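Let's take a walk through this one, from the chain contact down to single residues and strands. Have the model open as you read.

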Amino acid sequence: MADRKIKVIIAKPGLDGHDRGAKVVARALVEAGMEVVYLGLQQTPESIVRAAVEEDADVIGLSILSGAHMTNFRRVRELMLSSGLGDRLLTGGGIIPTKDQEKLQEMGVGKVFGPGDDLQEIVEYIRANARRVPG
Amino acid sequence: MGNRTKTAWAEKYEAGGVRDADFTSISGRPLEPLYTWEDLAGSDPETRLGWPGDYPYTRGVHPSMYRGKLWTMRQFAGMGTPDQTNERYRFLLEKGQTGLSVAFDNPTLYGRDSDHALAAGEVGKTGVAVDTLADMERLFAGIPLDRVSTSMTINAPAAWIFAMFLANAEKRGIGFDKLRGTLQNDILKEYIAQKEWIFPPEPHLRLITDLMAFCAEKVPQWNTISISGYHIREAGSTAAQELAFTLADGFCYVEHALAAGLDIEDFAPRLSFFFNSHLDFFEEIAKMRAARRIWARAMRDKYKAKNPRSWLCRFHVQTAGCSLTAQQPEINIVRTALEALAGVLGGCQSLHTNSMDEALALPSEKAVEIALRTQQIIAFESGAANVIDPLGGSYYIEKLTNDLEEEAERYFRKIDELGGVVKAIEQGFFQREITRAAYEYEMALSRRKKFHVGVNEFANLGQKLEIPLLEIDESTERDQVAALLRTKAERDNGAVRESLAALKTAAAAGRNLMPPLLECARRYATLGEISDALTAVFGSYREQPFF
């Protein structure tokens with residue numbers, strides 16, 4: 001168990017081309033020893049959760065700067081629950097107001113990050129909160 | 001006891017000791033502690049700088065610059081439904097703004113209707129939703145389109161959004177020759193940085209040349225393209241990459257238009273540019289000055305344009321959205337003021353100043369007003385508009401201008417080796433260069449080699465946000481979808497089908513697509529219907545994801 005790398009799916013749902021943050025974070029996670037599957041642009045909640053099931057990912061990270069965070073996080077979380085991925089971490093980042101961050105946490109979404117947050121902090125958060133269930 | 005030589009000064013400089021700090025530019029450019037006339041040896045001011053309004057335009061595109069006419073203060077705005085945005089435009093015009101600039105929402109930018117599956121949750125969120133001519137009518141209701149110039153930030157579906165704009169003017173009895181404004185219409189930087197395309201590059205490039213040909217004849221005051229470095233920089237590039245990739249895109253458009261048989265003097269004077277103004281004050285000013293010189297030389301010497309108007313690199317500037325912080329948002333006002341001043345000292349023709357709250361949400365009315373007032377302070381209080389190119393002749397600025405030009409030239413050679421801009425895009429060259437630069441900058445912040453005040457230095461831990469944010473209500477999406485369905489129910493659907501069929505025929509036959517697009521717009525065909533019709537002929541495009 002301890003040998004397995006933390007596996008992270010990173011995706012951009014919907015019609016949002018702002019991929020700078022997603023790519024920078026993906027690279028930082030790889031440098032930190034994690035395995036990253038970057039799905040790229042124009043993903044749907046369905047395609048993201050399907051990939052997470054296929055990859056048996058520990059973490060799903062969504063990057064959303066389009067304002068569609070409530071819709072997308074809610075849908076991805078629902079699909080995770082119905083696909084047996086309820087114990088995995090759903091996190092992400094983008095332009096997400098504090099008020100919405102609180103609502104997301106109530107839905108079972110983890111911490112979401114924003115402009116200016118430190119890469120190292122993101123790495124450590126994922127390392128500490130990724131699913132680590134034996135077997 | 002003065003220093004007699006540079007060496008003597010340098011000895012004293014070394015002896016005095018320097019702070020333990022990173023003295024590179026924000027792009028990572030190593031900098032000397034001092035620049036002198038020696039750094040400009042061999043650089044003849046007569047040929048390198050010239051006079052304002054004269055080749056090579058390093059000092060500005062007009063002989064009188066801001067003494068003749070101030071830059072256009074143009075705040076990019078759009079949110080929610082067309083009615084909500086129309087209200088914001090009236091507010092901005094009333095506060096002294098001198099041009100309009102439309103921000104569309106993501107579904108519109110991708111040529112999708114508000115009821116498309118991928119649009120869920122995005123309608124009206126980062127700009128205004130426009131699905132049909134009916135939305136265009138509401139967007140500009142009561143705004144004198146023959147007197148206010150209008151810029152539209154739209155790329156992949158630019159030709160059919162413009163067709164809706166023209167159809168609206170036509171309905172209001174405003175002649176096309178009276179319309180002034182700019183379409184961004186720059187698809188190359190979409191593949192490079194912003195990632196909003198519909199088709200593969202070649203059909204998009206054809207639509208751009210169609211639009212240039214149409215406007216040269218029918219809409220002569222329209223800037224058909226705004227070749228944009230802004231998004232390249234926002235995606236994380238360095239200043240030199242922004243400069244080089246943007247101008248390389250410009251050369252690519254020129255070559256496509258020439259290959260399509262257009263006369264350079266017909267389209268080149270209507271090409272315009274759009275640069276970012278980031279935090280590194282002097283590097284930004286130098287970048288803008290270098291852009292004018294490089295463009296003028298290429299247009300005159302390489303593309304053989306004879307009319308000096310074809311040589312001008314006229315540009316819009318926007319302050320750097322990516323420099324704004326969510327932490328202590330009020331201090332973004334100061335960042336924006338410095339960046340805006342750099343845009344003015346760089347000789348921009350129009351300017352957008354970001355609002356302090358844009359790392360958090362779309363700007364509130366109060367935040368937008370402060371941003372506009374920032375420009376007005378620069379124009380009317382600071383004295384920056386009194387003298388043309390006030391930093392011209394500064395050893396540092398001139399050396400940076402020369403260095404940026406050389407770096408851009410190196411990139412042009414590299415792009416040529418890769419087979420040109422489109423080939424370089426397909427090989428992921430630009431994307432990789434930018435991703436690397438973005439990562440290096442983030443790491444420099446993380447390692448505290450670079451600083452962002454209020455974020456990795458001078459942070460106020462646990463501070464609560466104290467400014468009000470604009471919220472786009474969930475009802476916006478429902479209202480917009482309802483309006484779309486109403487339009488579809490009320491229009492002549494037989495006429496829509498006919499116009500879409502004619503569009504497909506013209507697309508397959510290689511005819512200019514502007515006349516059939518205009519006909520589709522008049523019939524209230526939707527943005528998405530037109531995108532689908534053209535996709536049936538041109539195909540779609542996917543990028544290989546990488547990081």
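## Where the chains meet

In this predicted model, the contact between the chains draws 31 residues from chain A and 37 residues from chain B. On the chain A side, four elements each put in at least two residues: helix H1 (20-31), strand E2 (35-43), helix H3 (69-82) and helix H5 (119-129). Sort that side of chain A by class and you get twelve nonpolar, 13 polar and six charged residues.

## A look at Leu39(A)

Leu39(A) sits in strand E2 of chain A. Is it buried or exposed? Leu39(A) counts as buried, because it has 20 C-beta neighbours inside 10 Å, and 20 is enough for that label.

Leaving aside residues up to four places away in sequence, Leu39(A) touches Ile9(A), Ile10(A), Ala11(A), Ile48(A) and Ala51(A), plus Pro545(B) from chain B. As for Asn72(A), 33 residues away along the chain, its C-alpha atom is separated from that of Leu39(A) by 15 Å.

## Two domains in chain B

The domain assignment splits out domain 1 (64-446) and domain 2 (475-538) in chain B. Their C-alpha centres lie 27 Å apart, and 32 residues of domain 1 are in contact with 24 residues of domain 2. On the domain 1 side, helix H6 (133-139), helix H7 (158-171) and helix H9 (201-218) of chain B each supply at least two residues. That side of domain 1 divides into 19 nonpolar, eight polar and five charged residues.

H9(B) is worth a pause. Its 18 residues reach 26 Å from first C-alpha to last, close to the 26 Å expected at 1.5 Å a residue. The buried residues of H9(B) include Pro201(B), His204(B), Asp210(B), Phe214(B) and Cys215(B). There is also a buried run from Leu207(B) through Ile208(B), Thr209(B), Asp210(B), Leu211(B), Met212(B) and Ala213(B).

## Strand E8 and its neighbours

Now to strand E8 (residues 271-277) of chain B, where seven of its seven residues are buried. Both faces are covered: Leu271(B), Phe273(B), Phe275(B) and Ser277(B) are on one side, with Ser272(B), Phe274(B) and Asn276(B) on the other.

Which strands pair with E8(B)? Strand E7 (residues 225-228) of chain B runs parallel to it, joined by four bridges, with Ser226(B) opposite Ser272(B). Strand E9 (residues 315-319) of chain B also pairs with E8(B) in the parallel sense, over five bridges, and here Phe273(B) stands opposite Phe315(B). Put helix H13 (residues 281-302) of chain B between E8(B) and E9(B), and you have a right-handed β-α-β unit.

Terms used. Residues numbered from 1 in each chain as written. Chains lettered and ligands numbered in written order. Predicted model: local features only at pLDDT ≥ 70, side-chain atom pairs only at ≥ 80, totals over all residues. Contact = placed C-beta atoms within 7 Å. Nonpolar A, V, L, I, M, F, W, Y, C, P; charged D, E, K, R; others polar. Domains from an automatic or database assignment. Expected span 1.5 Å × (residues − 1). Buried ≥ 20, exposed ≤ 12 C-beta atoms within 10 Å, placed from the backbone. Pairing = 2+ DSSP bridges. Right-handed = clockwise from strand over helix to strand, strands pointing away.
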